[in-house]
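Subject: Structure handover and findings

Dear colleague,

Please find below the structure that I am handing over to you. I would be grateful if you could keep it open while reading the notes beneath it.

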Amino acid sequence: MKRNPRFETALIHAGEPQPRIHGAVAIPIFQSATFENRDGDPAGVRYIRYGNTPNHNALNAKLAVLEGGEAAVVTASGMAAISSTLLAVLAPGDHFIAHRNLYGGTHGFVSQDLARLGIECTFVDGDAPSTWEKARRTTTRAFFVETITNPLLEVIDLEAVVRFCRTHAITSVIDNTLATPVNYRPIERGFDIVLHSATKYLNGHSDIVAGAVVGPSKHIAAIREKVARFGGSIDPHTCFLLHRGIKTLALRVRHQNASALAIARFLEEHPAVSRVHYPGLASHPDSARARAWFEGAGGLISFELHGGVSAAERFFARARIPAWAPSLGGVETLMTRPSLTSHSGLSAEERHRLGISDALVRISIGIESTDDIIEDFTASLGGAG
Ligand SMILES: *Cc1c(COP(=O)(O)O)cnc(C)c1O
(Lines give C-alpha, C1' and ligand atoms only; values in the text may rest on other atoms or scores of the structure.)
Protein backbone atom coordinates (compact mmCIF):
# COMPACT_ATOMS: atom_id res chain seq x y z
CA MET A 1 0.00 0.00 0.00
CA LYS A 2 1.32 3.42 -0.95
CA ARG A 3 1.16 5.87 1.94
CA ASN A 4 0.75 9.58 1.36
CA PRO A 5 3.92 11.31 2.49
CA ARG A 6 3.64 13.83 5.32
CA PHE A 7 3.87 17.56 4.52
CA GLU A 8 7.62 17.90 5.23
CA THR A 9 8.42 14.93 2.98
CA ALA A 10 6.12 16.22 0.24
CA LEU A 11 7.95 19.58 0.29
CA ILE A 12 11.13 17.78 -0.72
CA HIS A 13 9.90 14.90 -2.89
CA ALA A 14 6.42 15.61 -4.30
CA GLY A 15 6.35 16.35 -8.02
CA GLU A 16 10.06 15.65 -8.55
CA PRO A 17 10.80 14.06 -11.96
CA GLN A 18 10.89 10.25 -11.78
CA PRO A 19 13.31 8.92 -12.80
CA ARG A 20 15.64 11.82 -11.95
CA ILE A 21 16.75 13.64 -15.11
CA HIS A 22 20.29 12.33 -15.83
CA GLY A 23 20.31 11.42 -12.14
CA ALA A 24 20.25 15.09 -11.12
CA VAL A 25 19.19 15.33 -7.46
CA ALA A 26 18.08 18.94 -7.91
CA ILE A 27 15.90 19.55 -10.96
CA PRO A 28 17.95 21.17 -13.75
CA ILE A 29 16.82 24.47 -15.29
CA PHE A 30 15.23 23.97 -18.72
CA GLN A 31 15.96 27.45 -20.03
CA SER A 32 14.60 26.77 -23.51
CA ALA A 33 11.76 28.83 -25.00
CA THR A 34 10.63 25.95 -27.18
CA PHE A 35 11.10 22.20 -27.39
CA GLU A 36 11.31 19.76 -30.32
CA ASN A 37 7.94 18.39 -31.36
CA ARG A 38 8.77 15.99 -34.17
CA ASP A 39 5.45 14.20 -34.42
CA GLY A 40 3.59 17.50 -34.80
CA ASP A 41 1.18 16.72 -31.96
CA PRO A 42 -0.38 20.13 -31.13
CA ALA A 43 -1.10 18.96 -27.57
CA GLY A 44 2.56 18.07 -27.11
CA VAL A 45 3.99 21.53 -27.82
CA ARG A 46 6.21 22.75 -25.01
CA TYR A 47 6.75 26.49 -24.88
CA ILE A 48 7.56 28.69 -21.88
CA ARG A 49 4.43 30.81 -22.20
CA TYR A 50 2.27 27.66 -22.11
CA GLY A 51 3.82 26.95 -18.73
CA ASN A 52 4.62 23.31 -19.49
CA THR A 53 8.40 22.95 -19.39
CA PRO A 54 9.75 20.31 -16.96
CA ASN A 55 10.38 23.12 -14.43
CA HIS A 56 6.73 24.24 -14.57
CA ASN A 57 5.38 20.68 -14.45
CA ALA A 58 7.41 19.64 -11.41
CA LEU A 59 6.48 22.79 -9.49
CA ASN A 60 2.79 22.48 -10.36
CA ALA A 61 2.75 18.87 -9.15
CA LYS A 62 4.48 19.83 -5.89
CA LEU A 63 2.15 22.78 -5.21
CA ALA A 64 -0.96 20.65 -5.82
CA VAL A 65 0.20 18.13 -3.20
CA LEU A 66 1.15 20.82 -0.66
CA GLU A 67 -2.25 22.53 -0.81
CA GLY A 68 -4.13 19.24 -1.21
CA GLY A 69 -5.71 20.16 -4.57
CA GLU A 70 -6.17 18.23 -7.81
CA ALA A 71 -3.98 20.53 -9.90
CA ALA A 72 -1.93 23.72 -9.75
CA VAL A 73 -0.57 26.42 -12.02
CA VAL A 74 2.44 28.55 -11.22
CA THR A 75 2.41 32.14 -12.51
CA ALA A 76 4.70 35.12 -13.05
CA SER A 77 3.39 36.97 -9.96
CA GLY A 78 0.75 36.83 -7.27
CA MET A 79 -1.23 39.40 -9.26
CA ALA A 80 -1.07 37.15 -12.35
CA ALA A 81 -2.49 34.33 -10.20
CA ILE A 82 -5.27 36.59 -8.88
CA SER A 83 -6.20 38.27 -12.17
CA SER A 84 -6.10 35.02 -14.20
CA THR A 85 -8.20 33.21 -11.59
CA LEU A 86 -10.91 35.87 -11.37
CA LEU A 87 -11.03 36.24 -15.15
CA ALA A 88 -11.40 32.46 -15.53
CA VAL A 89 -14.10 32.10 -12.88
CA LEU A 90 -16.08 35.25 -13.78
CA ALA A 91 -17.52 36.53 -17.06
CA PRO A 92 -19.05 39.93 -17.96
CA GLY A 93 -22.43 40.18 -16.22
CA ASP A 94 -21.29 38.03 -13.31
CA HIS A 95 -21.17 39.33 -9.78
CA PHE A 96 -18.99 38.30 -6.87
CA ILE A 97 -18.51 39.04 -3.19
CA ALA A 98 -15.25 39.91 -1.46
CA HIS A 99 -14.13 40.82 2.04
CA ARG A 100 -13.75 44.61 2.17
CA ASN A 101 -10.12 44.56 3.29
CA LEU A 102 -7.98 43.02 0.52
CA TYR A 103 -4.37 43.32 -0.62
CA GLY A 104 -4.10 46.71 -2.39
CA GLY A 105 -3.27 45.26 -5.82
CA THR A 106 -6.26 42.92 -5.61
CA HIS A 107 -8.54 45.74 -4.50
CA GLY A 108 -7.41 47.87 -7.45
CA PHE A 109 -7.89 45.03 -9.94
CA VAL A 110 -11.38 44.29 -8.59
CA SER A 111 -12.62 47.85 -8.31
CA GLN A 112 -11.01 49.24 -11.48
CA ASP A 113 -10.26 46.54 -14.05
CA LEU A 114 -12.99 43.99 -13.35
CA ALA A 115 -15.62 46.72 -12.95
CA ARG A 116 -14.70 48.03 -16.43
CA LEU A 117 -15.26 44.56 -17.84
CA GLY A 118 -18.77 44.42 -16.40
CA ILE A 119 -17.86 42.16 -13.49
CA GLU A 120 -19.22 43.72 -10.34
CA CYS A 121 -18.06 43.11 -6.79
CA THR A 122 -19.86 43.78 -3.52
CA PHE A 123 -17.48 44.26 -0.62
CA VAL A 124 -18.79 42.82 2.62
CA ASP A 125 -17.68 42.53 6.22
CA GLY A 126 -16.18 39.03 6.38
CA ASP A 127 -17.17 38.90 10.02
CA ALA A 128 -20.87 39.58 9.48
CA PRO A 129 -22.28 36.51 7.63
CA SER A 130 -25.84 37.73 8.24
CA THR A 131 -25.16 40.59 5.77
CA TRP A 132 -23.88 38.36 2.94
CA GLU A 133 -27.30 37.10 1.89
CA LYS A 134 -28.29 40.69 1.09
CA ALA A 135 -25.18 41.07 -1.10
CA ARG A 136 -25.92 37.87 -3.03
CA ARG A 137 -27.54 38.11 -6.49
CA THR A 138 -28.71 35.44 -8.94
CA THR A 139 -25.49 36.24 -10.86
CA THR A 140 -23.14 35.80 -7.86
CA ARG A 141 -20.45 33.31 -8.87
CA ALA A 142 -17.55 33.72 -6.43
CA PHE A 143 -16.53 34.82 -2.94
CA PHE A 144 -12.95 36.12 -2.56
CA VAL A 145 -11.22 36.33 0.83
CA GLU A 146 -7.75 36.29 2.38
CA THR A 147 -6.77 33.88 5.17
CA ILE A 148 -5.20 36.67 7.25
CA THR A 149 -5.70 40.34 6.40
CA ASN A 150 -2.90 42.82 6.11
CA PRO A 151 -1.78 44.79 8.13
CA LEU A 152 -4.12 44.21 11.11
CA LEU A 153 -3.88 40.42 10.75
CA GLU A 154 -7.58 39.77 11.12
CA VAL A 155 -8.96 36.27 10.59
CA ILE A 156 -12.50 36.54 9.24
CA ASP A 157 -15.14 33.85 9.65
CA LEU A 158 -13.63 31.46 7.09
CA GLU A 159 -15.92 28.57 8.09
CA ALA A 160 -18.99 30.70 7.43
CA VAL A 161 -17.56 31.62 3.99
CA VAL A 162 -17.26 27.92 3.10
CA ARG A 163 -20.82 27.18 4.36
CA PHE A 164 -22.28 30.15 2.46
CA CYS A 165 -20.54 29.16 -0.79
CA ARG A 166 -21.61 25.50 -0.47
CA THR A 167 -25.23 26.48 0.22
CA HIS A 168 -25.43 28.75 -2.81
CA ALA A 169 -23.10 26.86 -5.20
CA ILE A 170 -20.65 29.79 -5.28
CA THR A 171 -16.93 29.25 -5.98
CA SER A 172 -14.84 30.13 -2.91
CA VAL A 173 -11.41 31.65 -3.63
CA ILE A 174 -8.87 32.32 -0.88
CA ASP A 175 -5.54 34.14 -0.95
CA ASN A 176 -3.45 32.00 1.42
CA THR A 177 -0.21 34.02 1.02
CA LEU A 178 0.11 35.11 4.66
CA ALA A 179 -0.73 31.75 6.25
CA THR A 180 1.05 29.38 3.82
CA PRO A 181 0.02 25.69 3.66
CA VAL A 182 2.20 25.09 6.74
CA ASN A 183 -0.25 27.02 8.92
CA TYR A 184 -3.54 26.55 7.04
CA ARG A 185 -4.67 24.34 4.16
CA PRO A 186 -7.91 25.89 2.85
CA ILE A 187 -8.90 23.03 0.52
CA GLU A 188 -8.97 20.63 3.49
CA ARG A 189 -11.35 23.14 5.11
CA GLY A 190 -13.71 23.23 2.13
CA PHE A 191 -12.42 26.10 -0.04
CA ASP A 192 -12.44 25.54 -3.82
CA ILE A 193 -9.48 27.57 -5.08
CA VAL A 194 -6.35 28.64 -3.17
CA LEU A 195 -3.90 31.18 -4.50
CA HIS A 196 -0.60 32.68 -3.43
CA SER A 197 1.84 35.41 -4.00
CA ALA A 198 4.76 32.97 -4.10
CA THR A 199 6.98 36.07 -3.94
CA LYS A 200 6.45 35.92 -0.17
CA TYR A 201 6.70 32.82 2.04
CA LEU A 202 6.61 30.09 -0.63
CA ASN A 203 9.86 31.33 -2.16
CA GLY A 204 10.94 32.93 1.09
CA HIS A 205 14.15 34.63 -0.03
CA SER A 206 12.99 38.03 -1.32
CA ASP A 207 14.64 37.42 -4.70
CA ILE A 208 11.83 36.64 -7.16
CA VAL A 209 8.22 37.55 -8.02
CA ALA A 210 5.90 34.58 -8.60
CA GLY A 211 2.40 33.26 -7.92
CA ALA A 212 0.43 30.04 -7.79
CA VAL A 213 -3.14 28.74 -7.96
CA VAL A 214 -4.31 25.34 -6.68
CA GLY A 215 -7.75 23.80 -7.09
CA PRO A 216 -9.99 21.40 -9.03
CA SER A 217 -8.55 20.35 -12.43
CA LYS A 218 -11.51 21.88 -14.24
CA HIS A 219 -10.83 25.36 -12.77
CA ILE A 220 -7.04 25.06 -13.11
CA ALA A 221 -7.32 24.17 -16.82
CA ALA A 222 -9.36 27.35 -17.41
CA ILE A 223 -6.94 29.47 -15.32
CA ARG A 224 -3.92 27.97 -17.11
CA GLU A 225 -5.47 29.05 -20.42
CA LYS A 226 -5.88 32.64 -19.15
CA VAL A 227 -2.29 32.69 -17.86
CA ALA A 228 -0.99 31.57 -21.26
CA ARG A 229 -3.18 34.00 -23.21
CA PHE A 230 -2.68 37.08 -21.03
CA GLY A 231 1.02 36.26 -20.75
CA GLY A 232 1.32 35.92 -16.96
CA SER A 233 3.64 32.95 -17.44
CA ILE A 234 6.66 32.39 -15.24
CA ASP A 235 10.18 31.81 -16.55
CA PRO A 236 11.92 28.41 -15.96
CA HIS A 237 14.79 30.01 -14.07
CA THR A 238 12.32 31.66 -11.70
CA CYS A 239 10.52 28.28 -11.39
CA PHE A 240 13.84 26.77 -10.34
CA LEU A 241 14.40 29.41 -7.65
CA LEU A 242 10.85 29.00 -6.32
CA HIS A 243 11.22 25.21 -6.40
CA ARG A 244 14.41 25.49 -4.34
CA GLY A 245 12.91 28.01 -1.92
CA ILE A 246 9.77 25.94 -1.25
CA LYS A 247 11.75 22.97 0.06
CA THR A 248 12.56 24.85 3.30
CA LEU A 249 9.03 26.29 3.72
CA ALA A 250 8.13 24.29 6.85
CA LEU A 251 11.46 25.01 8.57
CA ARG A 252 11.22 28.71 7.82
CA VAL A 253 7.55 29.22 8.65
CA ARG A 254 7.72 27.27 11.93
CA HIS A 255 10.70 29.36 13.01
CA GLN A 256 8.83 32.52 11.98
CA ASN A 257 5.68 31.41 13.88
CA ALA A 258 7.66 30.88 17.09
CA SER A 259 9.82 33.97 16.68
CA ALA A 260 6.89 36.27 15.86
CA LEU A 261 4.95 34.99 18.87
CA ALA A 262 7.89 35.67 21.21
CA ILE A 263 8.47 39.13 19.69
CA ALA A 264 4.73 39.97 19.82
CA ARG A 265 4.70 39.03 23.53
CA PHE A 266 7.80 41.18 24.12
CA LEU A 267 6.19 44.15 22.33
CA GLU A 268 2.92 43.74 24.24
CA GLU A 269 4.83 44.04 27.55
CA HIS A 270 6.93 47.02 26.41
CA PRO A 271 5.91 50.37 27.97
CA ALA A 272 6.51 52.32 24.71
CA VAL A 273 4.05 50.12 22.79
CA SER A 274 0.35 50.98 22.92
CA ARG A 275 -1.12 48.16 20.82
CA VAL A 276 0.07 44.93 19.19
CA HIS A 277 -1.81 43.08 16.45
CA TYR A 278 -0.81 39.41 16.28
CA PRO A 279 -3.39 36.61 15.98
CA GLY A 280 -1.28 34.37 18.24
CA LEU A 281 -1.80 36.75 21.19
CA ALA A 282 -4.84 36.20 23.42
CA SER A 283 -5.48 39.97 23.17
CA HIS A 284 -6.13 39.71 19.39
CA PRO A 285 -9.88 39.63 18.65
CA ASP A 286 -9.44 36.62 16.31
CA SER A 287 -7.04 34.58 18.46
CA ALA A 288 -9.62 31.82 19.09
CA ARG A 289 -10.03 31.27 15.34
CA ALA A 290 -6.27 31.28 14.79
CA ARG A 291 -5.87 28.73 17.59
CA ALA A 292 -8.66 26.52 16.26
CA TRP A 293 -7.79 26.63 12.56
CA PHE A 294 -4.06 27.39 12.19
CA GLU A 295 -0.95 25.47 13.09
CA GLY A 296 0.76 28.79 13.85
CA ALA A 297 -0.19 32.47 13.70
CA GLY A 298 2.41 33.42 11.08
CA GLY A 299 5.37 35.76 10.83
CA LEU A 300 3.72 39.18 10.59
CA ILE A 301 3.18 41.56 13.51
CA SER A 302 1.87 45.11 13.49
CA PHE A 303 1.98 47.55 16.38
CA GLU A 304 1.60 51.15 17.44
CA LEU A 305 3.70 53.25 19.78
CA HIS A 306 2.38 55.67 22.40
CA GLY A 307 4.37 58.44 20.73
CA GLY A 308 2.53 58.05 17.37
CA VAL A 309 4.16 58.87 14.05
CA SER A 310 7.24 60.58 15.52
CA ALA A 311 7.93 57.60 17.80
CA ALA A 312 7.52 55.26 14.82
CA GLU A 313 10.01 57.37 12.86
CA ARG A 314 12.51 57.18 15.73
CA PHE A 315 12.08 53.39 15.90
CA PHE A 316 12.71 53.09 12.15
CA ALA A 317 15.81 55.26 12.34
CA ARG A 318 17.24 53.24 15.23
CA ALA A 319 16.38 49.62 14.38
CA ARG A 320 19.47 47.85 13.01
CA ILE A 321 18.33 44.34 12.01
CA PRO A 322 15.18 44.90 9.92
CA ALA A 323 15.49 46.22 6.39
CA TRP A 324 13.21 49.23 5.90
CA ALA A 325 11.31 47.77 2.96
CA PRO A 326 7.82 46.67 1.94
CA SER A 327 6.92 43.04 1.11
CA LEU A 328 7.05 40.12 3.55
CA GLY A 329 7.76 36.46 4.02
CA GLY A 330 11.52 36.48 3.42
CA VAL A 331 14.35 35.13 5.54
CA GLU A 332 15.27 38.67 6.57
CA THR A 333 13.16 40.77 8.93
CA LEU A 334 11.49 43.69 7.14
CA MET A 335 9.71 46.72 8.56
CA THR A 336 7.31 49.12 6.92
CA ARG A 337 4.59 51.65 7.71
CA PRO A 338 1.49 50.58 5.75
CA SER A 339 0.24 54.18 5.54
CA LEU A 340 3.32 54.97 3.41
CA THR A 341 3.43 51.75 1.37
CA SER A 342 0.65 49.14 0.95
CA HIS A 343 -2.15 51.53 1.95
CA SER A 344 -0.75 54.84 0.67
CA GLY A 345 -3.31 54.79 -2.15
CA LEU A 346 -6.16 55.22 0.35
CA SER A 347 -7.21 58.53 1.85
CA ALA A 348 -6.51 59.13 5.55
CA GLU A 349 -10.26 58.70 6.22
CA GLU A 350 -10.37 55.36 4.37
CA ARG A 351 -7.35 54.15 6.34
CA HIS A 352 -8.97 55.32 9.56
CA ARG A 353 -12.15 53.40 8.68
CA LEU A 354 -10.07 50.24 8.22
CA GLY A 355 -8.35 50.88 11.56
CA ILE A 356 -4.94 51.56 9.97
CA SER A 357 -3.36 54.51 11.76
CA ASP A 358 -0.54 56.51 10.14
CA ALA A 359 1.67 55.43 13.05
CA LEU A 360 1.11 51.70 12.49
CA VAL A 361 4.34 49.70 12.09
CA ARG A 362 4.34 46.31 10.35
CA ILE A 363 7.16 43.82 10.83
CA SER A 364 7.72 40.69 8.77
CA ILE A 365 9.82 38.46 11.01
CA GLY A 366 12.67 36.65 9.25
CA ILE A 367 14.71 33.69 10.44
CA GLU A 368 17.38 35.59 12.37
CA SER A 369 17.90 34.88 16.08
CA THR A 370 14.78 35.88 18.01
CA ASP A 371 16.98 37.13 20.87
CA ASP A 372 18.94 39.42 18.52
CA ILE A 373 15.71 40.96 17.22
CA ILE A 374 14.36 41.49 20.74
CA GLU A 375 17.67 43.10 21.80
CA ASP A 376 17.60 45.31 18.70
CA PHE A 377 13.99 46.35 19.40
CA THR A 378 14.76 46.95 23.09
CA ALA A 379 17.48 49.39 22.06
CA SER A 380 15.36 50.99 19.31
CA LEU A 381 12.26 51.47 21.47
CA GLY A 382 14.15 52.85 24.47
CA GLY A 383 12.90 56.37 25.12
CA ALA A 384 10.46 56.08 22.23
CA GLY A 385 7.54 56.41 24.66
C1 LIG B 1 2.13 40.48 -2.30
C2 LIG B 1 0.75 39.99 -2.26
C3 LIG B 1 0.00 39.83 -3.43
C4 LIG B 1 0.56 40.21 -4.80
O5 LIG B 1 1.58 39.37 -5.16
P6 LIG B 1 2.77 39.77 -6.19
O7 LIG B 1 3.62 38.56 -6.17
O8 LIG B 1 3.43 41.00 -5.68
O9 LIG B 1 2.13 40.00 -7.51
C10 LIG B 1 -1.28 39.32 -3.33
N11 LIG B 1 -1.82 39.00 -2.13
C12 LIG B 1 -1.13 39.15 -0.98
C13 LIG B 1 -1.79 38.78 0.30
C14 LIG B 1 0.16 39.65 -0.99
O15 LIG B 1 0.83 39.82 0.15
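The notes below take the ligand site, the two sheets and the helices around them in turn.

Please bear in mind throughout that this is a predicted model.

**The ligand site**

The ligand is surrounded by 13 residues, and the closest are Met-79, Asp-175, Ser-197, Thr-199 and Lys-200. Three polar side chains deserve attention. Asp-175 places a polar side-chain atom 2.7 Å from a nitrogen atom of the ligand. For Ser-197, a polar side-chain atom lies 2.8 Å from an oxygen atom of the ligand. Thr-199 likewise has a polar side-chain atom by an oxygen atom of the ligand, at 2.6 Å. As to their setting, Asp-175 falls within strand β5 (171-175) and Ser-197 within strand β6 (193-197).

**The seven-stranded sheet**

Those two strands belong to an open sheet of 7 strands, in the order β1-β7-β6-β5-β4-β2-β3, with mixed pairing. Its edge strands are β1 (71-75) and β3 (120-124), each of which pairs on one side only. From one strand to the next, the twist averages 20 degrees.

The pairings can be followed from the β3 edge inward. Strand β2 (residues 95-99) runs parallel to β3 and is joined to it by 5 bridges. Within this pair, Val-124 of β3 is the bridge partner of His-99. Strands β2 and β4 also pair in the parallel sense, over 4 bridges, and here Phe-96 has Ala-142 of β4 as its bridge partner. Continuing to the next neighbour, β4 and β5 are parallel as well, with 5 bridges between them; Val-145 stands opposite Ile-174 of β5. The connection between β4 and β5 involves helix α6 (residues 158-168), and the three elements make a right-handed β-α-β unit.

How far is β4 enclosed by the rest of the structure? Of its 7 residues, 6 are buried, so the strand is largely enclosed.

At the other edge, β1 and β7 run antiparallel and are joined by 5 bridges. In this pair, Thr-75 stands opposite Gly-211 of β7. Although β1 is an edge strand, 5 of its 5 residues are buried, so it is largely enclosed by the rest of the structure. Both of its faces are covered: Ala-71, Val-73 and Thr-75 are buried on one side, and Ala-72 and Val-74 on the other.

**Helices and a loop around this sheet**

Helix α4 (residues 104-116) lies across β2, β3 and β4 (140-146), and runs at about 140 degrees to β3. Helix α8 (residues 217-230) lies across β1, β5, β6 and β7 (211-215), and its direction is at about 20 degrees to β1.

The loop between β2 and α4 holds Asn-101. This residue is buried, with a relative accessible area of 5%. Leaving aside residues up to four places away in sequence, Asn-101 touches Glu-146, Thr-149, Asn-150, Glu-154, His-343 and Leu-354.

Helix α9 (residues 236-246) is mostly covered, with 8 of its 11 residues buried. Among the buried residues are Cys-239, Leu-241, Leu-242 and Ile-246. The buried residues of α9 pack against α1 (7-13), α2 (54-67), β1 and α10 (249-269). The N-terminal end of α9 is capped by Asp-235, where a side-chain oxygen lies 3.0 Å from the backbone nitrogen of His-237.

**The five-stranded sheet**

A further open sheet has 5 strands in the order β8-β9-β12-β11-β10, again with mixed pairing. Strands β8 (273-277) and β10 (323-324) stand at its edges with a single partner strand each, so one side of each is left without a neighbour in the sheet. Strand β11 (residues 334-336) runs antiparallel to strand β12 (residues 361-364), and 3 bridges join them. Met-335 stands opposite Ile-363 of β12 in this pair. Helix α12 (residues 308-318) packs on the sheet, where it touches β9 (300-305), β10, β11 and β12; its direction makes about 125 degrees with that of β9.

**For your own inspection**

You may wish to begin with the ligand and the polar side-chain atoms of Asp-175, Ser-197 and Thr-199.

With kind regards

Key
Residues numbered from 1 in each chain as written. Predicted model: local features only at pLDDT ≥ 70, side-chain atom pairs only at ≥ 80, totals over all residues. Heavy atoms only, no water. Pairing = 2+ DSSP bridges. Axes fitted to C-alpha atoms, helices over the stretch in contact; angles between N-to-C directions. Contact = heavy atoms within 4.5 Å. Buried < 20%, exposed > 50% of the residue type's maximum accessible area, 1.4 Å probe, protein only. Right-handed = clockwise from strand over helix to strand, strands pointing away. Near = heavy atom within 4 Å. Polar contact = N/O pair within 3.5 Å; in protein donor to acceptor, adjacent residues only side chain to side chain.
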